[in-house]
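Reader: I am new to this structure and should like to understand how its descriptive terms are justified. Could the reasoning be set out term by term?

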Amino acid sequence: MAESEDDDAEAWLRLKPVEPLPSQCCGSGCSPCVFDLYYRDLERWETAQARNDRSLLSGKQPPESQDCPTKLSPETFLAFCISAMEKITEDTYLIRFTLPGNSQLGLLPGQHLILRGEVDGLEIQRAYTPISPVTAEGYFDVLIKNSFDIEASVQGCVIILFTGQQAECYQTGLMSRYVESWRAGDTAFWRGPFGSFLYEPKKYGELLMLAAGTGLAPMVPILQSITDNEDDETFVTLVGCFKTFEGIYLKTFFQEQARFWNVRTFFVLSQEVSPEQLPWSYRDKTRFGRLGPELVDELVASCRRKPFTLVSLALDLNQE
């Protein structure tokens, strides 16, 4: 009898949820977090064990789904196929993921996803915002930088990531190594959507968008939704901080957006010193140095309406 009880106890231990590692939390403040899911499953397991009823575990979600995804889930990682990868700067990739048929991802402007990766047996999770239009059918695009130096462009600014992505110092280079291993046809796992800020058309007189590096990504779908909506007369002043002119992402997109009557774009370059080295169309909208308090005050004063400020800095610190 005692041996049977030991076997039963061991069987229950095998069913006990495994507590996530710190690397499995993306630090973005998403809900449910991997730890929220763990504590939920742990409570379910404890109840089932106390009642000796394994059927109570049946509500537990699988950790991931290999099936062709049709709808995002904040709790379950879904597999998406990589259809294309483009290296748009020395250290930045634009990756396209396939959606079935003409389906849409289902994100709203301001929301982001969580990417799961594994390197040397260690699971890691990070938050990324797709830059494709929220109305895109059959695909979504993600901008991922494989290294990052926060020193480049910002000085003396309070760091507020409006998408809910908090400042976190991750173990260096892990997500970089994972992304660099990708090839077209590979599969990556995402869950979501997440994000406490959801853009509402015509709610704000003007948006002042301050972004550094791939922190531009959360701004893109919001800006796109404004210019795609003829009824939305929100003014937008977008400021992108980079090291060099060559390092500016999505130049064509932002040039096209700046043609709209209600959109202005500016760039702050920390490692450029002369406007003569820039194309003429960028000279009057480029500042040199870093985005400090004085320049922020100047930008706020130049806004046409009282601005609502969005600040997004790429802080996953994947330095190689």
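Author: The answers below concern a predicted model, and each sets a computed value against the relevant criterion.

Reader: What makes strand β8 largely enclosed by the rest of the structure?

Author: Strand β8 spans residues 206–212, and 7 of its 7 residues are buried, so the strand is largely enclosed by the rest of the structure. Both of its faces are covered: E206, L208, L210 and A212 are buried on one side, and L207, M209 and A211 on the other.

Reader: How do you know that β8 and β9 pair, and in which sense?

Author: Pairing requires at least two bridges. Strand β8 and strand β9 (residues 235–242) share 7 bridges, in the parallel sense. Within this pairing, M209 stands opposite L238. The two strands also belong to a right-handed β-α-β unit, together with helix α4 (residues 219–228).

Reader: Which residue of β12 stands opposite M209?

Author: That residue is L310. Strand β12 (residues 307–313) pairs with β8 in the parallel sense, again over 7 bridges.

Reader: Why is Q271 called partly exposed?

Author: Buried means under 20% relative accessible area and exposed means over 50%, with partly exposed in between. The relative accessible area of Q271 is 47%, so the residue is partly exposed. Q271 is placed in the loop between β10 (263–269) and α6 (280–283). Leaving aside residues up to four places away in sequence, Q271 touches K243 and T244.

Reader: Why, then, is K202 called exposed?

Author: The relative accessible area of K202 is 55%, and the cut-off is over 50%, so K202 counts as exposed. K202 lies in the loop between β7 and β8.

Reader: What is notable about the phi of K202?

Author: K202 has a positive phi of about 65° although it is not a glycine. Most residues other than glycine have a negative phi. L250, in the loop between β9 and α5 (251–257), likewise has a positive phi, of about 55°, without being a glycine.

Reader: Which two residues does a cis peptide bond join?

Author: The bond joins G192 and P193, with omega at about 5°. P193 is found in strand β7 (residues 187–194).

Reader: What classes of residue line the second largest cavity?

Author: The lining has 11 nonpolar, 5 polar and no charged residues. Of the 16 lining residues, L107, P130, S132, P133 and V134 lie nearest the centre of the cavity. The volume of this cavity is about 100 Å³, and the structure holds 3 cavities of 30 Å³ or more.

Conventions. Residues numbered from 1 in each chain as written. Predicted model: local features only at pLDDT ≥ 70, side-chain atom pairs only at ≥ 80, totals over all residues. Heavy atoms only, no water. Buried < 20%, exposed > 50% of the residue type's maximum accessible area, 1.4 Å probe, protein only. Helix = DSSP H or I, 4+ residues; strand = E, 2+ residues; numbered from the N terminus. Right-handed = clockwise from strand over helix to strand, strands pointing away. Contact = heavy atoms within 4.5 Å. 1 Å grid on protein atoms, 1.4 Å probe; cavity = no way out; pocket = protein on both sides within 12 Å on 5 of 7 lines; lining within 4 Å. Points joined across faces, edges and corners; volume = space filled by probe spheres on them. Nonpolar A, V, L, I, M, F, W, Y, C, P; charged D, E, K, R; others polar.
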